[in-house]
Amino acid sequence: MANGVMIIGGAQTDFARNWSRDGQGIIEILQQVVPVALGDARVDDAELGRLRDAGRIGIFAANFNGQQYCRQGHTGALLSEVSPVFEGMPGARYEAACASGSVAIDAAGTKIRAGDLDVAVVVGVEVMRTVDPRTINDYLATCSLYAEEAKDEEFLFPRMFGSITDHVLATSDIDEARLMAALDRVAEINYANARRNPNAQARRWELDSQAMQQREASYGPQLGGRTRFRDCSPVTDGGAVLLLASADYAQEHATRTGRPVARLAGWGHREAPLRLAAKLDPQSRGEAFLPWTRCAIQDAYARAGISAEDLDVIELHDCFTISEYVMLSAFGLTEPGREYEAIEQGRITSDGPMPVNPSGGLLGAGHPVGASGVRMAYDLFKQVTGQAGDYQVPGARHGAMLNIGGSFTTNVALVVGAVGS
């Protein structure tokens, strides 16, 4: 336990806010969210200065593509624009496409477990609404093997995840009508959950709203293969922060402040081939689809000393409805190819036996790419400490998450547990 990693607080911005429209960007997001997170964790400037002077604190910044979206890189140094107290702290940016947030958490946890740091400030941030939808999709396409996979593709990732839908139909005992109905239900559940989350981008949206119909009329109801607008997570500006600490520091801090803490109990990180075609080829490794995704989750379970049956809540990376669908078996909720059972039986709803994405997920809560993994971990922290408000899962003690980058290329799973669980 002395080398364990704890979560002592965090925060996120309102993901419905369009910072770009307001003429603001990464620095303003950080200036808002970082002080809120520090206040939530009960860490003041005097304590930050003490930790800095002792060399016991670091900054781990997650950002996917600030250079293109808003002409700003070097994200690990930007906290000096929040407060002079951050000057002198080591900081670096971590990038793994849409899994940038979780690899930053993983790196921070490694430093704490090694005994190098007492506290880590993990920040995820992305400003995406600076350009038009087609340019956004071109920037996102750099998460692929761009020179080969993105050629002549207007909406690459919708097409790629449409190919995953095709793969599920070709390899599972399910017909198209049943699968598409299951994907519709995934969207319905996540949008319904988002309505209870005061920071969710889609908290005021309706699935069949006029805005959705207008977008489909402008671009067509399908963006790539079987991928429709309702299957896609939205474009989002936002930031999230997670404060990690060593077990010894967290215990002393909790005693002094009375602030509840949680354990970063398990972690797993696996890389799959970058090309989607290699992942869809059943002969590539002679194993089922998404073997490395499943391995990352199993690694996290093993390190936490739990199994799927011990979980109370899951936050997963539903960048598209089909990504949530295939992850259900990767988490061990169903056998591969029978993911529809968990959906049709209502097992993943907010009041079901295994709530998935009570926050609304990426579909409903929003997807500021570099911030999503941090937001997911922060939501699990809130769940296991009983602070999730209207979307609280009663009695939650263990939560797991999966954050992916690219077309299931980077796979990072984390388990967050209540203290004493």
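Reader: Why is F161 called buried?

Author: Happy to start there! The relative accessible area of F161 is 0%, and buried means under 20% (exposed is over 50%, partly exposed in between; 1.4 Å probe, protein chains only). So F161 counts as buried.

Reader: What should I keep in mind about the model itself?

Author: This is a predicted model, in which local features need pLDDT of at least 70 and side-chain atom pairs count only at pLDDT 80 or more, while totals for chains, interfaces and linings use all residues. Residues are numbered from 1 along each chain as its sequence is written, and side-chain values use heavy atoms, leaving out hydrogens and water.

Reader: Then what makes F157 buried or exposed?

Author: F157 has a relative accessible area of 11%. That value is under the 20% limit, so F157 is buried.

Reader: How many aromatic pairs are there in the whole structure?

Author: The search finds eight. One of them joins F157 and F161.

Reader: Why is the pair of F157 and F161 called stacked, edge-to-face or tilted?

Author: A pair of aromatic rings is described by the distance of the centres and the angle of the planes. For F157 and F161 the centres are 6.4 Å apart and the planes meet at 35°. Rings of Phe, Tyr and Trp (its six-membered ring) pair with centres within 6.5 Å, and planes under 30 degrees apart are stacked, over 60 edge-to-face, the rest tilted. So F157 and F161 are a tilted pair.

Reader: And how far along helix α7 are F157 and F161 from each other?

Author: F157 and F161 are four residues apart in helix α7, so about one helical turn separates them.

Reader: How do you know which label fits the pair of F161 and F408?

Author: F161 and F408 lie 6.0 Å centre to centre, with 40° between the planes. That angle is neither under 30 nor over 60 degrees, so this pair is tilted. The pair links distant parts of the chain: F161 sits in helix α7, whereas F408 is in the loop between β10 (398-405) and β11 (410-418), 247 residues away. Both F161 and F408 are buried.

Reader: Which residues do ring pairs link into a cluster?

Author: The cluster consists of F157, F161, F320 and F408.

Reader: What makes the charge of R17 count as sitting over the ring of W19?

Author: The rule asks for NZ of Lys or CZ of Arg within 6 Å of the ring centre and within 35 degrees of the ring normal. The charged end of R17 is 3.6 Å from the centre of the W19 ring, so the distance passes. R113 is likewise placed over the face of W267, at 3.6 Å from the ring centre.

Reader: How do you know that T410 and E271 make a polar contact?

Author: Their side chains come to 2.9 Å. A polar contact is an N or O pair within 3.5 Å, with one atom able to donate a hydrogen and the other to accept it (residues adjacent in sequence need both atoms in side chains). T410 belongs to strand β11 and is buried, with a relative accessible area of 7%.

Reader: Last one: what makes A330 buried or exposed?

Author: The relative accessible area of A330 is 4%, so A330 is buried. A330 lies in helix α13 (residues 321-330); here helices (H or I, at least four residues) and strands (E, at least two) are DSSP runs numbered from the N terminus. The C-alpha atoms of A330 and C295 are 8.5 Å apart, with their positions 35 residues apart along the chain.
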